[in-house]
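Colleague: I am new to reading structures, and I would like to learn how labels get attached to values. Could you show me the model and take my questions one by one?

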Amino acid sequence: MSETITESKIEPSTTAAGQQELLEQLSKPEVQQSLNALVEQLPKINEMLGALTQTYDFAKSIATDEVLKNDIVGGFAEVAGPAVGKVKQVAANVIEAKDRAEASQETIGLFGLMKMLKDPQAQKLFRFMNAYLQVSGERDSQQK
């Protein structure tokens, strides 16, 4: 499947018409003013183009640097790893507690509640709930 590429030749009449149209456009005062403004700004445009080229080269070098990519991925895994482990542990605890609660037919009475109040984990939960409610109340009062 080979394709041949043919060169198209521009006819002289088309070129002359295009040149005539270009000269007409250049003769307009607003086009001349725009060209003057553009020529005055060329040093700034050149400076911006240089900075943009440097930025592009830097971004390209970072994007193709395998060592940097591996370091970033490794750093992310190092930071996220403990959090992922903790989330998995909490999820496993929740699932097991749900299963135990569904399997239990135990009725918790007043004395059962009093016994639960002495449990260190229950105390930790109550302290957290208390602190959360205080923070929530403070934030609500600040917003009003």
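Modeller: Gladly! Let us start with a term: a polar contact is a pair of N or O atoms within 3.5 Å, where one must be able to donate a hydrogen and the other to accept it. Keep in mind that this is a predicted model.

Colleague: What makes the pair D65 and V67 a polar contact at the start of α3?

Modeller: A side-chain oxygen of D65 comes to within 3.2 Å of the backbone nitrogen of V67. The cut-off is 3.5 Å, so the pair counts as a polar contact.

Colleague: How do you know that the length of helix α3 agrees with its number of residues?

Modeller: Helix α3 covers residues 66-103, which is 38 residues, and at 1.5 Å a residue it should span 56 Å. Its end C-alpha atoms are 53 Å apart, which agrees.

Colleague: Where in α3 does a kink lie?

Modeller: At A80, shortly before the proline P82, and the kink is about 35°.

Colleague: Why is the pair K69 and E66 called a salt bridge?

Modeller: The rule asks for a side-chain nitrogen of Lys or Arg within 4 Å of a carboxyl oxygen of Asp or Glu. K69 and E66 meet at 3.5 Å, N to O, so they pass. They are three residues apart in helix α3, about one helical turn.

Colleague: Why does that spacing suit a pair in a helix?

Modeller: An α-helix has 3.6 residues a turn, so residues three or four places apart point the same way.

Colleague: How many salt bridges does the structure hold?

Modeller: It holds three. Another joins E96 and R100, with the closest N and O atoms 2.7 Å apart, and these two lie four residues apart in helix α3. E102 and K98 also meet in a salt bridge, at 3.2 Å, N to O.

Colleague: Why is R100 called exposed, and what is E96 called?

Modeller: Exposed means over 50% relative accessible area, and partly exposed lies between 20% and that value. R100 has 58% relative accessibility, so R100 counts as exposed. E96 has 41%, so E96 is partly exposed.

Colleague: Which helices each supply at least two residues of the nonpolar patch?

Modeller: Those are α4 (110-117) and α5 (120-143), and α5 gives the most, with six residues. The patch is about 1100 Å², and L133 is one of its residues.

Colleague: How do you know whether L133 is buried or exposed?

Modeller: L133, found in helix α5, has a relative accessible area of 57%. The cut-off is over 50%, so L133 is exposed.

Note on methods
Residues numbered from 1 in each chain as written. Predicted model: local features only at pLDDT ≥ 70, side-chain atom pairs only at ≥ 80, totals over all residues. Heavy atoms only, no water. Expected span 1.5 Å × (residues − 1). Bend = angle between axes of the 7 residues up to and from the residue. Patch = residues over 30% accessible without salt bridge, like charges linked within 9 Å, V, L, I, M, F, W, Y side chains within 5 Å. Areas by Shrake-Rupley, 256 points an atom, 1.4 Å probe, with all protein chains shown as cover. Buried < 20%, exposed > 50% of the residue type's maximum accessible area, 1.4 Å probe, protein only.
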